[in-house]
Amino acid sequence: GKKQAVKVYEPLCPKKTAPQELLDELQQHEQGIEYYLAQQWDKATQAFTHLSKNHPNTHVYKLYLERINSLRDSDLDDDWDGVYERSTK
């Protein structure tokens, strides 16, 4: 029932205590998001597929892959901000 996009965050740990493996994963995640926002679907798919295989318990990577499949053939504006409108709960 939201009419305005809401940013969602998941706190993981203080950055200074984060293991290098987590920092590497977050860097790869940010790269995938950049591809997603730029509508570079093939690169975004590759990034999130890699992340999903290496971190199978992190559901958000599968969610992005589903969204990419849904959006890939959409006619999005050049200034699309990444908001995804769900049609079901």
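In what order do the elements of the chain run from the N terminus on? They go α-α-α, and with 3 helices and 0 strands that is the full count for the chain. Keep in mind that this is a predicted model. Of the chain's 89 residues, 26% count as buried. Among contacts with a separation of 6 or more, 46% come from residues 24 or more positions apart.

**Helix α1 (20-37)**

- The 18 residues of α1 should span 26 Å at 1.5 Å a residue, and the end C-alpha atoms agree, being 26 Å apart.
- Leu22, Glu25, His29, Gly32, Ile33 and Tyr36 are the buried residues here. They take up an arc of only 100° around the axis, so they sit on the same side of α1.
- Here's the general background: with 3.6 residues a turn, an α-helix has residues three or four places apart pointing the same way.
- Gln20 and Gln27, on the other side of α1, are exposed.
- The buried residues of α1 pack against both α2 and α3.
- Just past the end of α1, Gln39 has a positive phi of about 60°.

**Helix α2 (41-54)**

- α2 is 14 residues in length and reaches 20 Å from first C-alpha to last, close to the 20 Å you'd expect at 1.5 Å a residue.
- Its buried residues are Trp41, Ala44, Ala47, Phe48, Leu51 and Ser52. Looking down the α2 axis, these fall within an arc of 130°, so they line one face of the helix.
- Asp42, Gln46 and Lys53 are exposed on the other side of α2.
- For partners, the buried residues of α2 have α1 and α3 to pack against.

**Helix α3 (59-71)**

- With 13 residues at 1.5 Å each, α3 should span 18 Å, and its end C-alpha atoms are indeed 18 Å apart.
- Tyr61, Tyr64, Leu65, Arg67, Ile68 and Leu71 are buried in α3. Seen down the axis, they fall within an arc of 165°, so they too line one face of their helix.
- His59 and Asn69 are exposed on the other side of α3.
- The buried residues of α3 pack against α1 and α2.

**How α1 meets α2**

- The axes of α1 and α2 are 8 Å apart, and the helices pack at an angle of about 155°. With anything over 145 degrees counted as roughly antiparallel, α1 and α2 therefore qualify as roughly antiparallel to each other.
- Their crossing is left-handed.
- On the α1 side, the contacts come from Glu25, Gln28, His29, Gly32, Ile33, Tyr35 and Tyr36. Across from them in α2 are Trp41, Lys43, Ala44, Ala47, Phe48, His50 and Leu51.
- Some of the α1 contact residues are also on its buried list, including His29, Gly32 and Ile33.

**How α2 meets α3**

- The axes of α2 and α3 come within 9 Å and cross at roughly 155°. α2 and α3 are therefore roughly antiparallel to each other.
- This crossing is left-handed.
- α2 brings Trp41, Ala44, Thr45, Phe48, Thr49, Leu51 and Ser52 to the contact. α3 meets them with Tyr61, Lys62, Tyr64, Leu65, Ile68 and Leu71.
- Trp41, Ala44, Phe48 and Leu51 of α2 turn up in the contacts with α1 as well as in those with α3.

Notes. Residues numbered from 1 in each chain as written. Predicted model: local features only at pLDDT ≥ 70, side-chain atom pairs only at ≥ 80, totals over all residues. Heavy atoms only, no water. Helix = DSSP H or I, 4+ residues; strand = E, 2+ residues; numbered from the N terminus. Expected span 1.5 Å × (residues − 1). Buried < 20%, exposed > 50% of the residue type's maximum accessible area, 1.4 Å probe, protein only. Arc of directions from axis to C-beta. Contact = heavy atoms within 4.5 Å. Axes fitted to C-alpha atoms, helices over the stretch in contact; angles between N-to-C directions. Parallel < 35°, antiparallel > 145°, perpendicular 65-115°, else oblique. Left-handed = near helix turned anticlockwise from the far one by under 90°.
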